[in-house]
Amino acid sequence: MNPFTSLRTPIEAEEEMDAVELAPERYAKVLRDLSRINALTLAARPTLGFLERVRSRRVDTKPWRILDVGFGAGDMLARIARWGERRGVALDLVGVDLNPKSEAVAEARLGGRARFVTGDYRDLAGDGWDIIVSSLVTHHMTPGQRTEFLRFMEGEAARGWLVNDLHRQRLPFAGYPLLAALARVDPIVRRDGQLSVGRSFRRGEWAAMLAEALPDTADQCSIFRSFPYRLCVERVR
C-alpha cells in the first residue's frame with residue numbers, strides 16, 4: 001500500500017486474514033506471526049494497565065470473569081493469565097472468536113488456563129462478566145457493529161471494559177512495512193498490519209462514537225494513547 005495514502009478518514013478495505021478460504025495452516029502461521037508483532041509493539045501494555053486500574057478499585061477473593069472478544073492466537077489472554085498469577089488475582093478467562101480456525105491455535109498456547117468459544121459474542125450476554133476486553137478488533141467492525149459492541153460491553157461488564165486498538169497516524173502507517181520485513185513475518189501480516197493502521201481511528205472519532213453509542217455514560221469513558229501508537233478506550237467502574 002502506498003505510504004502516502006490519505007489517512008484523513010479510515011481506509012475502507014478488507015484484510016486478507018479475514019478471508020474464509022484461508023487454509024488453517026496458513027491462518028495459524030499468520031496468527032503466530034501477528035503475536036510476534038504484538039509482542040514487539042507492546043500490545044499488552046494498555047490491557048495490563050487497565051487491569052491494574054480495575055484492581056485498584058476493589059480487591060476480593062472471587063475470581064474475575066473476563067471475556068476477550070476476538071481472541072485470535074490467545075496471546076492477550078496468555079498475558080492476562082500471567083498477570084493474574086503474579087498478582088494473586090483469581091481469573092476465569094473466556095475467549096470468543098468468530099473464526100473457527102482460531103480456537104486450536106489459542107488452545108495450544110494456553111492449555112487449560114482459558115475456555116474458548118467459537119461464535120458471536122452476543123450469545124454470551126447475561127453470563128456475569130466482570131471485565132470485557134478486545135484487542136485489534138473494533139477496526140474490523142462496521143459503524144453499526146461498533147455501536148452494538150460498545151453497548152454490549154457497557155451493559156455486561158460489571159467492573160469495566162477496554163478497547164485496545166491502533167492509532168491512525170502517518171508514521172506507523174508508513175513505517176510498519178519495515179518492521180514487518182525485519183521481523184520476517186508472513187506477507188499477509190505485512191499487508192494486513194499496515195491496513196489495520198489505516199482502518200483504525202483517532203481521538204475525535206472515538207469521542208463521536210462514544211457519544212452516539214453511550215449518550216448517558218460517554219463522559220465516564222476514557223480515551224488514551226499508549227506507546228507505541230495505540231489508541232484505547234476504557235471504562236472503569
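A residue counts as buried when its relative accessible area is under 20%, as exposed when that area is over 50%, and as partly exposed in between. The structure described here is a predicted model, and the report below takes up its salt bridges before turning to its backbone.

**Salt bridges**

A search of the whole structure finds 16 salt bridges. In one of them Asp92 pairs with Arg65, with 2.8 Å between the closest N and O atoms. Because Asp92 belongs to strand S2 (residues 91-97) and Arg65 to strand S1 (residues 64-69), this pair ties together parts that are 27 residues apart in sequence. Asp92 is partly exposed at 31% relative accessibility, whereas Arg65, at 19%, counts as buried.

Helix H5 (residues 143-156) takes part in a salt bridge through Glu148, whose side chain meets that of Arg122 at 3.1 Å, N to O. Arg122 sits in the loop between strand S3 (115-118) and strand S4 (131-135), so the contact joins parts that are 26 residues apart in sequence. Glu148 is partly exposed, with a relative accessibility of 36%, and Arg122 is partly exposed as well, with 42%.

Glu154 and Arg237 also form a salt bridge, at 3.0 Å from N to O. Since Glu154 lies in helix H5 and Arg237 in the segment after S7, the pair ties together parts that are 83 residues apart in sequence. Arg237 is partly exposed, with a relative accessible area of 32%, while Glu154 is buried at 12%.

The three pairs are set out below.

| Pair | N to O distance |
|---|---|
| Asp92 and Arg65 | 2.8 Å |
| Glu148 and Arg122 | 3.1 Å |
| Arg237 and Glu154 | 3.0 Å |

Apart from these pairs, a network of salt bridges links Arg26, Lys29, Asp33, Arg36 and Asp186.

**Backbone features**

Most residues other than glycine have a negative phi, and most peptide bonds are trans. In the loop between strand S6 (222-226) and strand S7 (230-236) lies Pro228, which is joined to Phe227 by a cis peptide bond with an omega of about -10 degrees. Tyr229 lies in the loop between S6 and S7, and although Tyr229 is not a glycine, its phi is positive, at about 65 degrees. With 31% relative accessibility, Tyr229 counts as partly exposed.

A positive phi, of about 55 degrees, is also found at Arg184, again a residue that is not a glycine. Arg184 is placed in the loop between helix H6 (170-183) and helix H7 (187-199), and its relative accessible area of 70% makes it exposed.

Key
Residues numbered from 1 in each chain as written. Predicted model: local features only at pLDDT ≥ 70, side-chain atom pairs only at ≥ 80, totals over all residues. Heavy atoms only, no water. Helix = DSSP H or I, 4+ residues; strand = E, 2+ residues; numbered from the N terminus. Buried < 20%, exposed > 50% of the residue type's maximum accessible area, 1.4 Å probe, protein only. Salt bridge = Lys/Arg side-chain N within 4 Å of Asp/Glu carboxyl O.
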